[in-house]
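Please look at the sequence and the 3D structure below. The paragraphs after them go through the fold, the interior, the surface and a few single residues.

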Amino acid sequence: RSGRTTVVAGTSPLLLDRADLVVLLVDGRVTAVGTHGELLDRPDYRTLVFRGASDEENGRVGADEGTPQ
């Protein structure tokens, strides 16, 4: 929406591709900022996104954080 800021946490490639700005956090620290397309050049970002997409497809979302399935 115009004039609003929404913060979303996730690793879905579809969600990330639609975002105006993506912030990559590693151990709670900002390590990169850019669009999804720009950040795909980073191996650490690609690994996180594609591992997360695989986890979503297999019903394992939240498994790394200890969230019950």
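A residue is called buried when its relative accessible area is under 20%, exposed when it is over 50%, and partly exposed in between (1.4 Å probe, protein chains only). By this rule serine 12 is buried, at 18% relative accessibility. The model is a predicted one, in which local features need pLDDT of at least 70, side-chain atom pairs count only at pLDDT 80 or more, and totals for chains, interfaces and linings use all residues. Residues are numbered from 1 along each chain as its sequence is written, and side-chain values use heavy atoms, with hydrogens and water left out.

The protein has three helices and two strands. Helices (H or I, at least four residues) and strands (E, at least two) are DSSP runs, numbered from the N terminus. Along the sequence they follow the pattern α-β-β-α-α. The protein has 69 residues, and 22% of them count as buried. About 5,500 Å² of the protein is exposed, with carbon and sulfur atoms supplying 50% of that area; accessible areas come from the Shrake-Rupley method with a 1.4 Å probe, and for residues only the protein chains shown count as cover.

Which residues make up the largest nonpolar core? A nonpolar core is a set of buried Ala, Val, Leu, Ile, Met, Phe, Trp, Tyr and Cys residues joined through side-chain atoms within 4.5 Å. The largest one has seven residues: Leu16, Val22, Leu24, Ala32, Leu39, Tyr45 and Val49. Strand β1 (22-26) and helix α3 (43-57) each supply at least two residues of this core. Leucine 24 is in contact (heavy atoms within 4.5 Å) with Arg29, Val30, Thr31, Ala32, Arg42, Asp44, Tyr45 and Leu48, leaving aside residues up to four places away in sequence.

Other pairs link distant parts of the chain. Serine 12 lies in the segment before α1, and its C-alpha atom is 9.8 Å from that of leucine 48, 36 residues away along the chain. Proline 13 belongs to helix α1 (residues 13-18) and is partly exposed, at 25% relative accessibility. Its C-alpha lies 6.5 Å from the C-alpha of valine 49, and the two residues are 36 apart in sequence. Among the contacts in the protein with a separation of 6 or more, 20% join residues 24 or more positions apart.

On the surface, Leu21, Val23, Leu25, Val30 and Val33 make a nonpolar patch of about 470 Å². Patches are made of residues with over 30% relative accessible area and no salt bridge, like charges being joined within 9 Å and nonpolar side chains (Val, Leu, Ile, Met, Phe, Trp, Tyr) within 5 Å. Strands β1 and β2 (29-34) each supply at least two residues of the patch. Valine 23, in strand β1, is partly exposed, with a relative accessible area of 44%.

In the loop between β1 and β2 lies aspartate 27, which is exposed at 78% relative accessibility. Its phi is near 55 degrees, a positive value in a residue other than glycine. Most residues other than glycine have a negative phi.

The structure holds one salt bridge, defined as a side-chain nitrogen of Lys or Arg within 4 Å of a carboxyl oxygen of Asp or Glu. Aspartate 44 forms it with arginine 42, and the closest N and O atoms are 2.9 Å apart. Aspartate 44 is partly exposed at 35%, and arginine 42 is partly exposed at 28%.
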